[in-house]
Every structure is written in C-alpha cells, then in structure tokens.
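Visitor: I should like to learn how protein–DNA contacts are read from a model. Could the Guide take me through an example?

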Amino acid sequence: MSDGQHSKFTFAQFESLRKYSTTNPLRVIAHIDLDAFYAQCETVRLGLDPNVPLACQQWQGLIAVNYAARKFGISRHETITEARKKCPGLVLAHVATWKEGDAKWDYHDNPDIATHKVSLDPYRRQSQLIFKIFYDSCGKVEYGGLDEAFLDLSMLVYEKACAEYSKLAALLYLKQEEGRMNDFMPLPEISQEGLTWDGELVPLDPDKDTPDRAVDWDDVLFMLGSKIIKGVRNKVRYELKYTCSAGIAQNRVLGKLCSAYKKPNNQTILRHDAVRRFIATLNFSKIRGLGGKLGHEISRHFSVPEDGSIPFLLQISLQDFVLALGDETGNWLYNIIRGRDASDVKPRTEIKSMLSAKNFRPNIVTYQQAEKWLRIFVADIMGRILEFGNSTPGGAIRIPKTLVLHHRHANAGSSSRQIAIPACQSSNLEDTLFHTAKVLYRQIEKEKEGSMYPCYQMSMAVSGFDSTVSRNHAIEGFLVKSATKFEDVEESVEREITQETSVAKSSPSKKGSIDEFLGREQQLSNNCYVDAGLNCQDTADGKTASAIGDSSKSDSDIDSFVCSDCAKRIKFEDAEEHQDWHFALSVAKKFRQEKEHQSQPSVPPPISQNEKRDTAVKRKAGNSVCNGPSSKGPKLEKGQRKLFG
DNA sequence: TAGCTCTAT
DNA sequence: CGATAGAGCTA
C-alpha cells in the first residue's frame, strides 16, 4: 500500500458491520427488483420464451409489460387494443380471477369484469419462492412488495472480507487486543484492476476519477457484495426462471435508485466516490418518497426546474427546507438529496394486513349483489390467511383481529367501518368473517341512511395478525382439539414437509414449465395426495375421507369432504387441485419457519466484545444534521409527510 | 381505535 | 389504471 496512506475507515467501523449499524459508512445494502414481475410470472406459467412479447392483462388494461413487448413501444396503462396494434404478436395473459360462486380463483379465458374479481395469488406464490432464495442467502431482508426487496449485506461482506483477506482478520484481532479499534485501517493491497466487479459500475465523479485512485475498503466490500447479489440473482434465474435487477450501495435509497440504473437483468454498483455525480443526474422525484404530493409541493414552493434538478436543490439551505417542511421532513430532504439515508433495513416477514377489493364496472345497485361480493372477499381473504398468513410455531393459522369494510358510492362519498373480529376457531373463521362483514355493511348502510347505491367500489381488509410470540387462546384451543381428536398436528405438519422435500429431491427440475408454476408440477401430487389423504377427515365423525371414493362418508355430503388442514369443504373433483394448494402452503410454512429461525439477530462473536459505539460517519457539514437525534430518517422515508403548513 | 390520507408497485 | 400494501395524521 502506498506510503503514509491509510484507509478512510477505522477498524471500529469495519467491525461494526456485524451489528448492522445504520450510521456505519461501510455498510452494504442491496435492492433487488424483479423485471416486470407479473409479466414474467405469466411467461413462466405458460412456458413461453422470455423473448416472446407478453403483457399481463387486467380487464381491458395492461398491468405489466415484459421487456420484449416494451421494444414495441408498449407500456402499462394502455388498452389491449392499442397494444395489439403496436405488436400483433403480443401475448396477452389475463390475471387469474375469482368467479362468483366459485370456491377458488383460476385462470379464466374471458373473465367478465361484472362477475369476476382479480386474484394476485399466483404472483404471491412465486414471490414467496423468490423470497425464500433471498432469505437463504441473507438473513436481513426487507419485503418491499411482491417484486422487490432490500438486503442488508453488511454482516455477510464483513465475514467474506475476513475470510478472504487473512491479513485483515489478523490485524483486526490485534487491534482489538490492543484496544486500538479507532485506528484507521491500512488500505487494502489491491489495485483498481485487481477488483473483479459483478455488474455495472456507476461512473465515478470526475474529480475523483484519478488514475492512481487508491482502492479502499468500501470498494472491496461493494465488490464482495456484488458477488453475493450476482449469486442470488443466478439462483433466482436458474432455479425459478426469473430475472431481476439489483443495485448495491451504501443505503436503501441509493440502492433502490441504483437497481433501476440498468433495467432488465443486470445489477449496478454505486461506489462511494460516484454518489454525488450519480445523484446529480437524477430527477429528484425519482427518490423514494418524492414521487407524489410532497415532491410536487417542493417543486412548487422552491420553483424547482422542470427536470427536477438536484444540483438546484443542493443550493437550498437546510434552514429553508426546515422552514418550509418542518423539522423532520426538512432534515430528511436535505440529507436525502445528498445521498444520505440512515434508515434501517427492517427484516419484515409477516404480512400485516390483507385487502380484497373490487371496482364495480357496472356499479352495483342491490344488496344481493353486494352480499355476493362480500362472500368472494371473504373466500379470497380466507384463502390468503391459509396460504400466506403466518402460521404459529405449532402450525396453526393466525387469526386477524380486525376487519375493515370500505364502501364507495358512485356519486356520494366513501366511508369505511371497522370492528374487532369476534373470537372464533380456525374452523369458524370463514363464517365469522362473513358474518362480521355483513354487520359492518349494515352499519355503513345505517350511517348512509340506506343510500348505498349505485356503489362504485367495495373493499374488505383484515389486519392485526398475532405478532409472533403472544399466543391466541382460541388458536391453542383449536390446536389441542385437533391433536387429540385426530392426530398430532406437529406430526402432520412434519409429514407434509417431509413429503415436500422428498418430492423436491426425487424430481429435481422438471421438464415442462407450464405446470411447474403454482406447485402444480407435481405429478407427485398424486403420491402427495394419497398420503396426505390421511389428513383429510370428515369433521363430523373423524372418519377418513380420501379422494379415492370413500363410500363411508356421511350421506349429507356425498360429493365432498372436509379437509382437516384447512377446515374447508372440498369437492372430490377438486381434491387434487386442493392438495396442490396445500403443497404450496407447506412450502410457504416451511419457508416461514426458516425465516423466523434466521431472523434472530444472530450476531456471532468471533472477535470483539468490548466494542462500544461505532464512531461512524465522519462526514462534514450536514453530519450533525444527518445523525442528529431527531433526524433519524427512517421515520420519514415512507408514508405521509407533513406538507407545508 | 376509527377513519382518512399519502405513497408506491 | 386497478388491486394491494404499508404507514402516518387526526380526533
């Protein structure tokens, strides 16, 4: 390393990577974004080549357009007619729908907006599989929607660096012994050419782009991060057939901006020395949180040029921002346009709420219609609670505690009501939800003094899922009951999982991708079914009712049985599909358990213990602001911000 | 807690 | 655009 030169970073800062400190200048954050996700899902489901132009259709509109189709100038928010004109070969895949009266969503050929409702469950399923890969490679993953995630790679790159640079590890150990962790590190003994980047580099600031620019540890860690992300993306691509784009940077906001830099199927690294220049090129409305009203208000108030110039905004003083926007938002904005964001990657695993909604094309005009839709909402949400809700450690489903109903009149305003869901057992949940929804509907009706129609939209949402540890007694009751009456639940869950893994092993990667989707690829679902049939019992007398024509079932339900896994009555003809569904469910369940396992802040203690606060950020000017107690940033990076006045 | 608003994909 | 999710503000 060069004479007299040392790293910009201290050993303490490096060491604190293990603690995921949000103010650590060395931290490495990645954002991963699936390319035109819904469209890719449909391509995979239909077993098509990704080069086939395809768009995901919802009624007469497009909600996702794959990159092949974008070459024809097709974008979202076009009608299918317009799109087809631009590209006659365009494949239009309509999203799955529920048909009124059906027990489950399906892919219907020409769904009628008047009688069907969209289901995004197929995408949720694929999303779960993809997130599983994320979690397997990084313990700290934030869910950013079905198709995007933030990964905090700090600990991983720390470990990788220690493993790959033995000198560093030795030195680190020494410094700890000596209690000299605040010493600056030596520069890594690597030349610019010695760095092997996976992905695209954002060009450096011109003034920093000197030929003899020394490599520092931030570069090394980003390089390691780029390798990790490349590996993750490869897994997603080769195991699940999805491409995605990623950004690697020092915080969430930059990571996200970065993942959009090179769009389909690529990843971009934003080194520290490239941040200023990179940000300067952006329209500030691209920054997360500035795309909406707040951004517009800022533009108006400060007369920001059309292009959303960030250099323009950089000239505005912190005081002016605070004056106009208040303390928190003002500080946040001041820092964010300088690329500073100390928000944490929140390991978010559990879904907090579920919403089922429908816009009524022809507005509905009678209570009978409304009730039919309520029924569908309930079925939809019930299915999602079972498949995507979080199960308790014991394997029982989590029961939400509030239910919200929204009603929008076509002309008059909208209103919503919410209420606690009465205590119930898993087996009663669907009925309970339906009943409660009707109660809410009546309440709204009362409030509106009967003038409910024409109704333009309704939605139903559940929230308040048991957060982790505290247990719902109703669930325990259910658990115990099932266990004694039928069999040990844990055991059945285990068997389910065992089947699933053996299945996965015995048929590694299957041929036709058409059915490979929805867990439907299992011819083994036959095997799976026969075994799992043991789990499907008639609630009335505990008798086994297998799909293979068990004649001993009760007369009242000759063509159906109650699945004890989900307490639903299933027609025999639907049994196979139902088992496939449970298969997907078991994958999800296993996935979640692993997640819970991983999300324990597993900070291994290889080296230090006596470490105190990480001294972090040695930035100039805005520094005190950036790290000031009130301006923690994360509070503000999402949701509503106080607007002027 | 209830109801609404804002943001985002 | 439409379906969905998360979070903040206010009373």
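**Reading the DNA surfaces**

Guide: Around DNA strand C there are 21 residues, of which H77, K352, L355, A357 and R384 come nearest; a residue is near a strand if one of its heavy atoms lies within 4 Å of it. Of the strand C atoms that come within 4 Å of the protein, 74% belong to sugar and phosphate. This is a predicted model, in which local features need pLDDT of at least 70 and side-chain atom pairs count only at pLDDT 80 or more, while totals for chains, interfaces and linings use all residues. Residues are numbered from 1 along each chain as its sequence is written, chains are lettered from A and ligands numbered from 1 in the order in which they are written, and side-chain values use heavy atoms, with hydrogens and water left out.

Visitor: Which atoms of L355, A357 and R384 lie by a phosphate oxygen of DNA strand C?

Guide: A polar contact is a pair of N or O atoms within 3.5 Å. For L355, a backbone N or O atom lies 2.5 Å from a phosphate oxygen of DNA strand C, and for A357 a backbone N or O atom lies 2.8 Å from one. R384 instead places a polar side-chain atom 2.6 Å from a phosphate oxygen of that strand.

Visitor: What part of DNA strand B is within 4 Å of the protein?

Guide: For DNA strand B, 94% of the atoms within 4 Å of the protein are from sugar or phosphate, and the rest are from bases. Side-chain N or O atoms of K256 and R417 each lie 3.0 Å from a phosphate oxygen of strand B, whereas that of D147 is 3.0 Å from a sugar or linking oxygen.

Technical notes. A polar contact is a pair of N or O atoms within 3.5 Å; within protein, one must be able to donate a hydrogen and the other to accept it, and residues adjacent in sequence count only if both atoms are side-chain atoms.
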